[in-house]
Every structure is written in C-alpha cells, then in structure tokens.
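Please work through the following exercises with the sequence and the coordinates at hand. Each task is followed by a solution that proceeds step by step.

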Number of protein chains: 4
Amino acid sequence: MIIVMEPQANETQIQNVAKKLESLGFKIVFNRGEVMTVLAAIGDKRLIEPASLASMEGVREVKLIQEPYKLVGRESKMEDSVIDLGHGVKIGGNQPPVIMAGPCSVEKGIDGLLQVAYGAKEAGAQVLRGGAFKPRTSPYDFQGLEEEGLKYLAEAREKTGLLIATEVMDTPEIGLVAEYADILQIGARNMQNYKLLKALGKVNKPIILKRGPAASIREFLLAAEYIIYAGNPNVILCERGVKGLDSHYTRNIFDIAAIPVIKKYSHLPVIADPSHATGRRFLIEPMSKAAIAAGAHGLMIEVHHDPDNASSDGAQSLTIDQFKALMSQLKLLCKQ
Amino acid sequence: MIIVMEPQANETQIQNVAKKLESLGFKIVFNRGEVMTVLAAIGDKRLIEPASLASMEGVREVKLIQEPYKLVGRESKMEDSVIDLGHGVKIGGNQPPVIMAGPCSVEKGIDGLLQVAYGAKEAGAQVLRGGAFKPRTSPYDFQGLEEEGLKYLAEAREKTGLLIATEVMDTPEIGLVAEYADILQIGARNMQNYKLLKALGKVNKPIILKRGPAASIREFLLAAEYIIYAGNPNVILCERGVKGLDSHYTRNIFDIAAIPVIKKYSHLPVIADPSHATGRRFLIEPMSKAAIAAGAHGLMIEVHHDPDNASSDGAQSLTIDQFKALMSQLKLLCKQ
Amino acid sequence: MIIVMEPQANETQIQNVAKKLESLGFKIVFNRGEVMTVLAAIGDKRLIEPASLASMEGVREVKLIQEPYKLVGRESKMEDSVIDLGHGVKIGGNQPPVIMAGPCSVEKGIDGLLQVAYGAKEAGAQVLRGGAFKPRTSPYDFQGLEEEGLKYLAEAREKTGLLIATEVMDTPEIGLVAEYADILQIGARNMQNYKLLKALGKVNKPIILKRGPAASIREFLLAAEYIIYAGNPNVILCERGVKGLDSHYTRNIFDIAAIPVIKKYSHLPVIADPSHATGRRFLIEPMSKAAIAAGAHGLMIEVHHDPDNASSDGAQSLTIDQFKALMSQLKLLCKQ
Amino acid sequence: MIIVMEPQANETQIQNVAKKLESLGFKIVFNRGEVMTVLAAIGDKRLIEPASLASMEGVREVKLIQEPYKLVGRESKMEDSVIDLGHGVKIGGNQPPVIMAGPCSVEKGIDGLLQVAYGAKEAGAQVLRGGAFKPRTSPYDFQGLEEEGLKYLAEAREKTGLLIATEVMDTPEIGLVAEYADILQIGARNMQNYKLLKALGKVNKPIILKRGPAASIREFLLAAEYIIYAGNPNVILCERGVKGLDSHYTRNIFDIAAIPVIKKYSHLPVIADPSHATGRRFLIEPMSKAAIAAGAHGLMIEVHHDPDNASSDGAQSLTIDQFKALMSQLKLLCKQ
C-alpha cells in the first residue's frame, strides 16, 4: 500500500500515519521527495480499510499495490483452471470452446424448447441455456415459468444429452434450481448480491457468473472471489457487455478486451455472451467470431425457434438455422 | 409505440407488423414518408415485448412513447406523496428536509454509535442510519454485526428518540430487520434484486431505495415500481451518485439533476446521499447544500465518532462536530 | 513516481528499471514486499514518459504521485486567482458570482439580441454571451453569422455596457474575434485542440475554457495549463456537463462536484453552464441554484427572446422573463 | 420526425405544433392515443432544429426517425466505398485488410524509423504511420518534430515503397502536411474540430478520421459527413477505443461492435487501432485478431524499434519482431 501525503503535511501527521500502520503489523518505508512524502506500507492489506487511512490528517491519497483478490488470481494458482461440467465436457485452459445455446426464457409449451435443443445439439453445442426465473427491468414483463420451466429443461436434457444451465435469483431458490440444473447462472444484475454469492459457494455445481452491467473487471473478479472463498472453486466468468456512453445502436458495449485481460490476471475460464453484449441479431455472428479470436473459452448464445414471438429478447436471438450457420463458421475459425 | 420500418421494407413486411399489432388489440396509424414508413401503435404496451417487434423483417427500430412505469409516475398520481416515517416525521412534498445521519456500519461496542446518535439528535437530524448487514465489494472486508448491530440501533432509538434506518440484503432476513428498523433500506447494488423488491412490497414499513451504481433514472423508477406494484406505496428514492468516466477525484459522479428530474416525473420523495456520491469528506458540505438547493426532500449523511478508525467508509464520513457545523449552514439555506 | 514490479520480476529487471531512472536524475527508494517490489522514483516526472517505463520487462504498473499540471495548481499559487474582466467586473476568489447570459447563437437581425441584452442587464447580468462561430454536430445545422454576429455583439455592448463573451473555433480566426470580444471562449469540443490553446496563450484577453464532453478533471486542468504555459494566466474554467450513462432525461450529466474539486486543486475561477449541462429548460433554475450553493464563481445561462424559434438550443434557453425570475431567486440565495 | 405531446397538452398546443411544422412544409399525421397525442411530421428534418420544437408548450419529446447523416449513409450509396490509397493499395469492400504500422511519434534521428519501415514492409504492411505533429494531453510532453518528421517519413517512403499516413492538427498546417503525406489523419481529440473537417474536405487525399474519445457512432458518422459534404469522399473511419467506466486495466474500451455497426449503416471503410484502444502491449495481438474477425477493413498498429525508449506510447507499441509474429497469425486468420 502506498500512502501519498499532502505537500503541506507536517512531520507529526506523517508519523501518525506510520504509527497507525506499524501498530497493525505493516513495515514502513519512507520516500521523501522534494514536494511530498510517500509511505510504502508492506504487509497484508486485509488488516486495514484503506479508506480509513485516506481520511487521516495530511493524507492525500492511498494507492493499493496488490490486487485485492487472492483466490481467483494467478498469484494463488498459475495454471489455468479447467472445470468439468459433466457429460465429459470440460471448459478452460486449452479445451475447445464450449458453446451454450438456447432461449432467453423457457416459455409455455415444451415443443419450442425441444426444437431449439435438438437443433443446438445437431449444430455442436454442449449446453442448453434457458431462464426459468427471469430478472426483468419492469414488473409488467414476463417473469418466468419457475419450476415448470426447470422441468422442461430437464426433459430436454434427457432427450438430447445436452447439459442444462439456468439462472438462480434468490437464496431460497437455490435448492430447487440445483435439483434440476447442471450449471447455475448468476445474472448480471445479481453480480453483487453477496448473500447469493456466498450461498452458491456452498453448492457443488459449476457457477456461471455474469459481469454486472457496469462492473469493473476488478469488481467482477472480487464477486468470483466471494464464491470461491465460500467453498466453490468452479466459477466460469461471462463477459456480457457493459453500459457505455452510446446505447443508440447497441444495447451495451461489448468489452472484448476483458477476455484476454481476465485470462492474464485470473486462472478461471472466461466466456462471452454476444447476445446481451449487443442486443442485436446482426451483430451476433461477427461478435461470436471476434470473441473466439480474442481467446474466449466458450460462448453463450440466445437461440429461439420463433424469435418474433419470443417472450423476451427476441431481437437478440438467432433462429435455429442462423445458429447452425454460425456454428459452421466458428468451426472454420477454430481449426485455423 | 412507434415502429420505424427500414427504407427498403416492402409492403408485405409493413402489413405483417401491422397485423401482429392489430391481433394484440393495438390500433395502427400509418405514417408514410418519402424515405420510410412509420407505424404508430396505439394501445397498452404491456401487451407486447417491444423487442419481439424489433426482430421482425423490415423493422429498423421500435420507440416507446409512454414511460414504462405506471404507479410511480405523475400520470397515476399528480400530487406529491408524503410519507409518514413515525415519531411525527414526514417526508416529501413541502415538508422540510429530513436529515438521516449515522455511521456507514454499526461497529463493535455501542458507545460510538450512541455518541453519534446524541450528536445527530442535538444537531437536528430525525433519523439514525447505520448498517448491520453490509454489502462489501471484497469478501475480506468487514461484513457487519448482523443482529447485534440491529440491537444497538434499537437501543440508540430508545435513548434518543431518533428513527432507525438500516439495510436489508436478502429475502430471508427481511423479518429480522423489520422487527428492529423503522425504515428499511435497499442498497445500491441490490437495486435490481427483484425478489428482494417484491418481498419488500409486502412489508408495512417505508423503504429507502438507493439508485444502482450505474442505473438510469428509468431503471431506478422501474425498481420502485416493483415495490409499489407488490403492495407497498411508501418508497423514498435516494440519489447516491453513479459511475462516471472520471473516478480519480470522486468515487462516483453525483447526478444532482436527477433530483428535479425525478420530481417532475414521479410523485415519490427523493433524497440525496452526498457521502457515497462523492466519497470524500471535503465534498459533503458543498454537495449537501447543492442537493437542498436543487430540491431534495432529505439527506443521508455518514457521520462517525472517529472516522480514522471506522470499519468502513471513514474517508467519506463527517465527525460529529463537522456534522453539527453542516447542519447550521443547512438551516440558513432552508430559511432562505 | 511509483513503479510496481510484477511478482515474478527478477532482480535484473528491477535493476534495469532503477538504472534507467537514475540515469535521468531520479533518486530511487526500494520497497521490497513479500509478494512484489515497488520502486519510488523521486524527481521531476517531466524527465520521462511514464508509459515508456510501463513497457519495460517486469513492470506491472507505473503510478504518478504528483498531479501532472503545475501552473494551474495550488502548489504553484496558493491564493485564488481573481481575473479582471473589464468594466470593473472581477471573477474568482470571494467576488460575487458573475452572471453571463445570452442566446446560444447570434441570429439574423439584431433586435432579438438587443432585447436579450437589455433584459439581462436589467436583471443584473454582467456579461452578454452569444455565438458567432458555431460548432455544430451536423454540417446541416446553422453554422453562425461569423463577423456579422460579432458586430451585433459589439453594438449590444455599446448600448448596454455589458461585456461580450464569444467563442473562437480556429487559430486563423483569433485575431478577428479578439478585435470584438472582451472574453474569448473555447468550446467543449475544442478543449483538446492544442494548437488553439497555445495560440490563445498569446492573446491578452480572459479565456473561458469549457470542459470537454467527456474530459476528466485532470485533462481539463491540463488543457488550462496549455494556455497559461503559453503566456495567458487569465483562464476561467467552465463545467458544462459531461457524457454519462443515461442521456434519456438530460442531455449530459452535470458534474457539480467538479466545482469544489477544482477549487481545491486549482486557484482558477470556475463557473457552471446549467443550460448545456442538462439541455432542458425546467432544470436551469434548480441547477443554477445548486451550482451557486456548491461554490461556483459564476454562471453562463442561455437566454433567448423567443426560444421556440431559436436557431439552436431553444429547448435549453430561458425566456427573458424566466431569466429575470431566476435572478431574483439567485439574489436571495447569495444573500444568505 | 415524431413529436410526443404531454398527456396534459391541450388542443391549442397540439395545433400550434402542427401549424409550425406545416408552415415549414412538413405533412402532419395525428396519432391520438388514450393517454397522449403523437404527431408524425413527414418531410426534410433539415428544415427545422428539433430542439426548437422540444421547447414548445405541451411538447414532451421530439424523436428523429431518419439518421441525421446523408452522404456517409447506405441510403445515399448502397455499395461499399473502395478507396484507392496509391501504390495500388485499395481499402474497403472486399479488399484484403490494409495494415498500417509505425511509431506513435516520429523521433529525432531517422534510423529507428527506417528500421521500423523496413520491418513493416517485410512483414507485409502497406502503410507507414507516424506523428510529426503530436497532440499531447500535457504541454510538458513531447510535441513532435513537425516538418523535420515529415521529411523523415518521406524518406522512409522512398526507401521502402510504403505509403505514408500522418496527422494534421490545425488548418494552417494542412498544406504542409499534404505536401508530404499520402493519407492525412485526424486525431481523436480533433474529431469535432469542424473547421479542420471542412478544410480537409477541400484536400485531394484520403483522410483517416479517428473516433473521438467519447464520441457516439452517430457523432462519428456526422464528423465524416462534414468532410464529404465539403467535397472529399475518401474518408476511412478508425475505431480506436472510447472512454468507459473502467480504465484500470485498459486505457480505453475497444468498441469492437462499432465495426459491423458502421458497416451496416455506412458504405465507408472502417479500420481499427488496437494500440490506442487498449493501451497495453499484450492486448494488441488478441484485439488485432478480434478486429479482423469482426470485419475490419484494416488495422493501425504502433510499432517501435525500441519501445522502452519511445518518446510516446511505448507501453502500447510492439517491437518489430512482435509485429512480424502478429502478421503471421493474421495471415492465417485471413486465409480462413
């Protein structure tokens, strides 16, 4: 930790900061410049709230040196984490990209879902995604089929052999969702629902953690840290676009550089969701290719048997045929 | 709803959109320009997902005309909502600003909290705030005293006559928190935790809803809509800064114009939290004054008996004396 | 300057960085932690491009300690700068707020401008603002009357005694604009037009520098540094809103905390432009009051004799009567 | 244009808006809903400032239907523009990607520049880029060699056969830069320097227009419209990252979806600059691949013979060997 003192700070103020840090077990190195003094405090940041230093008399700024996460970082584990999703499917490291496809919401009547599932399987996807519990911006929008939706998903798994990924929104529902799903998903707007993160740390299934709509990469990694610290190391990070200055042509801004950044700082697998990242169907193909070229460990893509009549997110869903065409292109790209 | 067709859209595509809308009960007006056709669909937006129209062949864009919220809007209730907080304190409309003060976290040992409570009372505050359940970005930061903290707050209420406001983070904890608190608070990072919003709609206590770290005003109002739609009309909105492009000098950007904007579109009371909005102590005074000048119905201010040793947010907390000085200035401003 | 080494950095890499810095005259202090080494380089940052260090082997990050600006900062001048605008009007320090009012664009026919000028004078404004050269997002929008507009402004000054502030867009036009205007304005989109900044450093008139649409406060202060470094110390900074995540209800987000932040770090006067900051007429009054409450040294407000027929920015202009009403309210606020 | 009236708007207010529009030649269609009335105004938007309507009594909002640009849009020209850069190199449409490489700044001593030029040529680049006039955030940073730098570039062209691209910052310098360069570049911070845009519309050389640090795609296209409207149709758009919420790990956020969005709405060629978009060397390779996978017509990459000693942007420059390795990978990708 680096503590930058104000140019006007006097010696007593400098010593007060040093004493406080030393009393907590930090070793202090003084860096006295012509204009200002800078203290380097060597020790475990967790011993102190940096903000409490920042408010001491004479302190201008406190700068952290180490990343605040531990378990998700390369410093605690150098090699890539590879997560076993079941059915022989693995994600992370040098495994080929895992493709997760399916409708935004599981809707009334299982036939559409089965069409998508068969199509996805045929095209080469490994995971069927679909929401039974739906977080919606407006209370007047479709809120999901809940347990009925989970049953449909389980039936689709039985028929196709695909793995099932679905969202859980609230701690009391974890047991129910975990009973049906192979992979549990935390939605973007729940990325900092810390009670949910902690509770999912007790579950023995892989977790897909979606990046919050405006989360920094550091906040994203700290959210994953919550899950691992609570006991579940099988976290898959999902870049799904963040809010930006311009939402006229795309719903979000797809932060594709986050993929290699996360791979540099963390050992966890990272996938991309070009459907939510852009919100527009014509962008799914180029953004899927770009994500794979950037090194993503997998993709999550919205596919619907009849997007014009979808209960949610029709505008960013591919038809089954469009998904098959995309998969052919991705296979060429991966071969290269 | 306005549906803008592509310049190349053909007559069949235009008619397909019109038919779909008519089948749902919308009345259609055609606006045929030289370059493109625009359909106006008159009827209840809730009958359709606009995104599903956006994906139809030939459609360029769907524009909503009406705001998507109902119960929070001026169209459902013209006059300002005034909420009775208890102890004769009312908030909203032309009521004088309600001041809520207290530490970020309730900390071990009740003495500090009592010092703050007595000081706040003396300076003219009506509500004591303090977190017993703490949402923290890192799992290694202080997570709150939980029920013990609630007990401290209740004791401080008994001794000072202040009302108590405290945060609830998860649906299973609502009962416990509601047992102790006069006002329940939803933290910024839970603004779109829809299960929590719905559950708080069933509680018979006023709710402070903090704006999400990057929530648009519309999303903020829709979150309030969830609570009211579930049955609880007593929602107080709290502007607490949003993420912006520049976080070097301030933690967030204080969106002060949101106060009069919300007052124009909604009848709900709106307060400001200059501590979280800026993250820096020297800004609390000018930003408190600015918020009152802009028409805020109240303020929520972090005050700590010893900020340099606070468990959280020390850098953005006032000392008790600084808080008293601020209150003197605000009284002058309100008199004017 | 602080250089954070990677945890894996070896001793040679650490020494290479130290040697490079020493060869440039820096003094090095080593801070060796358990996980990583941090070098503090004491000396003048201007001797090196920090980015060139950042690319050396083994370097994780370079952190600047001192602000990169000098002449605009409090370290070079503790007391507030007070700038003499002419006609006995001074701005900055403890001077009462200076009010600048007028139409966005100077338009065909001088009568409207004169109406605004007489009204502004009567209400207590000191400066008439109006654009003769207009930077417009679209080439099809009104581009300004150019010299004819400058002549109108000069005539309005003669008739009312108001000072004249107007924008200059390009280096070859500086001479012409300076011939007519008392105060030259640099528009937001030219805030980093460095050739213009340098050229205005050679002009003997006060400069209003508007903050760029997405400029950080540091970039804003560095732009002012260009002007002062080139020879003109009379710079007035103008906060006019920055781009934010939500542009649905307001054109920009009014970064009101920037006012006290700038006053803390710089001695220059800082004013606010609530018209551009919000883009909506109903927000000008509350935001003007908030800016004064936050400590602004002045305001720049768009006033038009007939906003519904303005050539530009009608939606964010006050009528003359609305401006008079606002001025009465501001007088009450300043008295307090 | 769509004019949404307030729910409370009375018939006189509605008719006033209609009359004003009719007097300007618009045809009006009334859409009367249960809650509010919406007017569709059919005609040329350029006849009116939409903002002036927005301020009329009873108007809630004005929505534009057509994009405000004309000449850059697909509506004025369906097929892709292919621009001849000279030396047989073409860019746009189905041409293979054009690679532009070179140092951020041209520096003292031509040898380094020649090393880069020979290396770039050998690796397959077609254009040498390098700044002789440098826009720098701080006045204390290196400002460029000016004409001497242009001479070096010309010599490198003569020796290698590469085309030369370099930046022009101010209208009086256009003649000088155009004398030496094959392609003129407008820097990000000058994207809305309208005088410069207009003046470059009179020049008979291709222009690379970089996207402003926070420009929306629409503002970007309107800036290009200025150049074409002034007479020069040969504009190449360059995505170079925009400001985002998180600048901790990357300098900007690389808006890669802008590439296919621009290709959908405009016929102009669009290239990407992964060096400025990310600011970090390790991201140039994955982001170059992603940009090509997303459909970019070319890349602009910073390459330096000795990045650790570069006068600017060393941290985001490749060495010559790294550039050669990147080019091998891109060739594989393009073959696919």
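The exercises below concern a predicted model.

**Exercise 1. Symmetry of chains A and B**

Task: Determine by what turn and what shift chain A can be laid on chain B, and which residue of chain A comes closest to the rotation axis.

Solution.
Step 1. A turn of 180 degrees, with a shift of 0.0 Å along the axis, lays chain A on chain B at an RMSD of 0.0 Å.
Step 2. Within chain A, the residue that comes closest to the rotation axis is A:Ala214, whose C-alpha lies at 3.0 Å.
Step 3. Of the interface residues of chain A, 100% are also interface residues in chain B, so the copies meet through the same surface.

**Exercise 2. The contact between chains A and B**

Task: State how many residues each of chain A and chain B brings to the contact, and describe the side of chain A.

Solution.
Step 1. Chain A provides 41 residues and chain B provides 41 residues.
Step 2. On the side of chain A that touches chain B, at least two residues each come from helix 2 (50-54), helix 6 (194-200) and helix 7 (217-229) of chain A.
Step 3. Helix 7 of chain A gives the most to this side, namely five residues.
Step 4. By residue class, the side of chain A that touches chain B consists of 18 nonpolar, twelve polar and eleven charged residues.

**Exercise 3. Chains C and D**

Task: Establish how chain D is related to chain C, and describe the contact from the side of chain D.

Solution.
Step 1. Chain D is laid on chain C with an RMSD of 0.0 Å by a turn of 180 degrees and a shift of 0.0 Å along the axis.
Step 2. The two copies are therefore related as by a two-fold rotation axis.
Step 3. D:Ala214 is the residue of chain D that comes closest to this axis, at 3.0 Å for its C-alpha.
Step 4. Both copies use the same surface, since 100% of the contact residues of chain D recur in chain C.
Step 5. In this contact, 41 residues of chain D meet 41 residues of chain C.
Step 6. Helix 2 (50-54), helix 6 and helix 7 of chain D are the elements that give two or more residues to the side of chain D that touches chain C, and helix 7 of chain D gives the most, with five residues.

**Exercise 4. Strand 10 of chain A**

Task: Decide whether the residues on the two faces of strand 10 of chain A are buried or exposed, and identify the strands with which strand 10 pairs.

Solution.
Step 1. In a regular strand the side chains alternate between the two faces of the sheet.
Step 2. In strand 10 (residues 183-186) of chain A, one side carries A:Ile183 and A:Gln185, the other A:Leu184 and A:Ile186, and all are buried.
Step 3. Strand 10 of chain A pairs in the parallel sense with strand 9 (residues 163-167) of chain A over three bridges, and A:Leu184 is the bridge partner of A:Thr166.
Step 4. A right-handed β-α-β unit is made by strand 9, helix 5 (residues 174-180) and strand 10 of chain A.
Step 5. Strand 10 of chain A also pairs in the parallel sense with strand 11 (residues 207-210) of chain A, over three bridges; here A:Gln185 has A:Ile208 as its bridge partner.
Step 6. From strand 10 the chain crosses through helix 6 to strand 11 of chain A, and this β-α-β crossover is right-handed.

**Exercise 5. Strand 11 of chain D**

Task: Identify the strands that pair with strand 11 of chain D and the units that strand 11 helps to make.

Solution.
Step 1. From strand 11 (residues 207-210) of chain D, D:Ile207 and D:Leu209 point one way and D:Ile208 and D:Lys210 the other, and all are buried.
Step 2. Three bridges link strand 10 (residues 183-186) and strand 11 of chain D in the parallel sense, with D:Ile186 opposite D:Leu209.
Step 3. These two strands make a right-handed β-α-β unit with helix 6 (residues 194-200) of chain D.
Step 4. Strand 11 of chain D also runs parallel to strand 12 (residues 235-239) of chain D, joined by four bridges; D:Lys210 stands opposite D:Cys238.
Step 5. With helix 7 (residues 217-229) of chain D, strands 11 and 12 make a right-handed β-α-β unit.

**Exercise 6. A backbone angle in chain A**

Task: State what is notable about phi of A:His87, and where A:His87 is found.

Solution.
Step 1. Most residues other than glycine have a negative phi.
Step 2. A:His87 is not a glycine, yet its phi is positive, at about 55 degrees.
Step 3. A:His87 is found in the loop between strand 5 (83-86) and strand 6 (89-91) of chain A.
Step 4. A:His87 is exposed, with 12 other C-beta atoms within 10 Å.

Technical notes: Residues numbered from 1 in each chain as written. Chains lettered and ligands numbered in written order. Predicted model: local features only at pLDDT ≥ 70, side-chain atom pairs only at ≥ 80, totals over all residues. Contact = placed C-beta atoms within 7 Å. Nonpolar A, V, L, I, M, F, W, Y, C, P; charged D, E, K, R; others polar. Least-squares fit on C-alpha atoms with pLDDT ≥ 70 in both. Buried ≥ 20, exposed ≤ 12 C-beta atoms within 10 Å, placed from the backbone. Pairing = 2+ DSSP bridges. Right-handed = clockwise from strand over helix to strand, strands pointing away.
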